[in-house]
Amino acid sequence: GEQIIVSYKLHTRLELENTELSQLPNLNGFWKKDLESSSRFKREVIDGIPYNTAIIKKTVLTAQKSGKLEIDPIKVICSIRITNQRNRRDPFANFFNTYNVKEEIISSKKITINVKDLPSPKPSNFSGGVGNFEISSKTDKNELNANDALTYTIKLTGTGNIELIKPFVIDFPKDFEVYDPKITEKIFQGGNKRSIKTFEYLLIPRYKGQYKIPTYNFSFFDTKQKKYDTKKTQVHNINVLKSNNDEGNITSFSQQKIES
C-alpha cells in the first residue's frame with residue numbers, strides 16, 4: 001500500500017535526432033499511474049561528467065503485495081546524429097554539415113524493491129489506507145422536513161494511496177434512504193503530495209424525529225510513525241420536523257440507491 005515514484009532518465013553526451021520508447025515495463029505487483037514528465041533535456045553532472053538529461057517516463061507505484069518486486073527495465077530507441085568526417089580533397093564540402101543517423105536500443109537496469117507486510121494485528125476497520133491522513137465530515141443542513149434531501153460529506157486529505165480508498169460504510173439511521181456517494185478527487189503527484197478526496201452521500205429522512213449520524217473511525221497505517229492510527233469524523237444530530245405523507249411531494253432522484 002505504500003507508494004513510491006519511479007523516474008526513467010535518459011543521459012546522453014551525443015546529439016540525438018529522436019527518441020522512442022521501445023518496450024514499456026510491466027510493473028507486475030504494483031498499481032501504477034503515469035505522471036506528467038517533461039522530455040526537455042537539462043544539464044546534469046554525474047561523477048564530474050556533464051550530460052544532457054531528460055526524464056522520459058515517470059510513474060507512481062503502489063505495492064499490491066509483499067515480497068521482492070521488480071521494477072522492470074525500459075527500452076528506448078535512440079536516433080543518434082553522427083556528423084560525417086571532413087573531406088580534405090573537396091574543400092567546398094566542408095561548408096556543409098552532412099551527417100548520418102544511427103539507431104541504438106538502450107535499456108535501463110531493473111530495480112528490486114523489498115515490500116514488507118503490514119504489521120498484525122490490523123484494526124478491525126482498516127480498509128487499506130497507507131500514508132498520512134486527516135478526515136472530517138459535514139452536513140449541508142441539520143434541520144429539515146421529512147422527504148427532503150440533505151447532503152452528508154466526508155473529506156479525506158493527506159498523502160498516500162488516497163486514490164485506492166473506497167467509499168466508507170457509514171451506519172446511517174435506518175429511516176434514511178441513502179444513495180451512492182458522489183466521489184471527487186484532487187490528486188497531486190500520485191498521492192505523494194497532499195491530496196483531497198471527498199464522498200458526498202445523498203440522504204432522505206422519511207419520518208419525523210431526532211436522528212444521529214454517528215462517528216466514523218478511519219484507520220490507516222502511518223508510514224512516518226510506522227504504526228496504525230485512527231482519525232474520526234464528528235457526530236451530526238439531524239432534526240426532522242414533520243412527516244410528509246403526500247406521495248406526490250416526495251422528491252425523486254436518479255441516483256442509484258444503496259441497498260440496506
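**Strands, a pocket and odd backbone spots**

Reader: Which residue stands opposite Tyr211 in S19?

Author: Ile238 does; in S19 it is the residue facing Tyr211. Keep in mind that this is a predicted model.

Reader: Noted. How do S16 and S19 pair, and over how many bridges?

Author: Antiparallel, over five bridges.

Reader: Which residues of S16 point to one face, and which to the other?

Author: The side chains alternate along S16. Gly209, Tyr211 and Ile213 point to one face, and these are buried. Gln210 and Lys212 point to the other face and are not buried.

Reader: What is the strand order in that sheet?

Author: S11-S19-S16. The sheet is open, has three strands and shows mixed pairing. Its edge strands are S11 (143-144) and S16 (209-213), and each of them pairs on one side only.

Reader: Parallel or antiparallel for S11 and S19?

Author: Parallel, through two bridges. S19 covers residues 236-240. Within S19, Asn239 is the bridge partner of Glu143.

Reader: And what holds paired strands together in general?

Author: Backbone hydrogen bonds, in either a parallel or an antiparallel arrangement.

Reader: Next sheet. What order does the S2, S7, S8 one have?

Author: S2-S7-S8, an open sheet of three strands with antiparallel pairing. S2 (16-23) and S8 (99-107) stand at the edges. Each has a single partner strand, so one side of each lacks a neighbour in the sheet. On average, neighbouring strands here are turned by 20° against each other, with direction ignored.

Reader: How many bridges join S7 to S8?

Author: Nine, running antiparallel, with S7 spanning residues 75-83. One pair to look at is Ser79 and its bridge partner in S8, Glu103.

Reader: Let's switch to pockets. What is the volume of the largest pocket?

Author: About 590 Å³. Its lining comes from 27 residues. Gly1, Glu2, Val115, Lys116 and Leu118 are the ones that lie nearest the centre.

Reader: Which elements give two or more residues to that lining?

Author: Three strands: S5 (49-63), S9 (111-115) and S10 (126-139). S10 gives the most, with five residues.

Reader: How does the lining split by class?

Author: 12 residues are nonpolar, 10 are polar and five are charged.

Reader: Back to S10, then. What sense does it pair in with S17?

Author: Parallel, over three bridges; S17 is residues 217-222. Val130 stands opposite Phe221 of S17.

Reader: And how does S10 run against S12?

Author: Antiparallel. Nine bridges join S10 to S12, which is residues 150-160. Lys138 has Thr153 of S12 opposite.

Reader: Now Val6. Where does it sit?

Author: In strand S1, residues 3-12.

Reader: Buried or exposed?

Author: Buried, because its relative accessibility is 8%, and the cut-off for buried is under 20%.

Reader: What is Val6 in contact with, beyond its sequence neighbours?

Author: Leaving out anything within four places in sequence, Val6 is in contact with Lys57, Lys58, Thr59, Leu61 and Ile71. Take Thr59: Val6 is 53 residues away along the chain, yet the two C-alpha atoms are separated by 5.4 Å.

Reader: Any backbone oddities? What is the norm for phi and peptide bonds?

Author: Most residues other than glycine have a negative phi, and most peptide bonds are trans. Start with the bond from Ser120 to Pro121, which is cis, with omega near 0°. Pro121 belongs to the loop between S9 and S10.

Reader: What about Asp47, what is its phi?

Author: Near 55°, so positive in a residue that is not glycine. Asp47 lies in the loop between S4 (42-46) and S5.

Reader: Is Asp47 buried or exposed?

Author: Exposed, because its relative accessibility is 77%, and exposed means over 50%.

Reader: And the phi of Asn147?

Author: Near 75°, again a positive value in a residue other than glycine. Asn147 has its place in the loop between S11 and S12.

Reader: Buried or exposed, that Asn147?

Author: Buried, because its relative accessibility is 2%.

Technical notes:
Residues numbered from 1 in each chain as written. Predicted model: local features only at pLDDT ≥ 70, side-chain atom pairs only at ≥ 80, totals over all residues. Heavy atoms only, no water. 1 Å grid on protein atoms, 1.4 Å probe; cavity = no way out; pocket = protein on both sides within 12 Å on 5 of 7 lines; lining within 4 Å. Points joined across faces, edges and corners; volume = space filled by probe spheres on them. Helix = DSSP H or I, 4+ residues; strand = E, 2+ residues; numbered from the N terminus. Nonpolar A, V, L, I, M, F, W, Y, C, P; charged D, E, K, R; others polar. Pairing = 2+ DSSP bridges. Buried < 20%, exposed > 50% of the residue type's maximum accessible area, 1.4 Å probe, protein only. Contact = heavy atoms within 4.5 Å. Axes fitted to C-alpha atoms, helices over the stretch in contact; angles between N-to-C directions.
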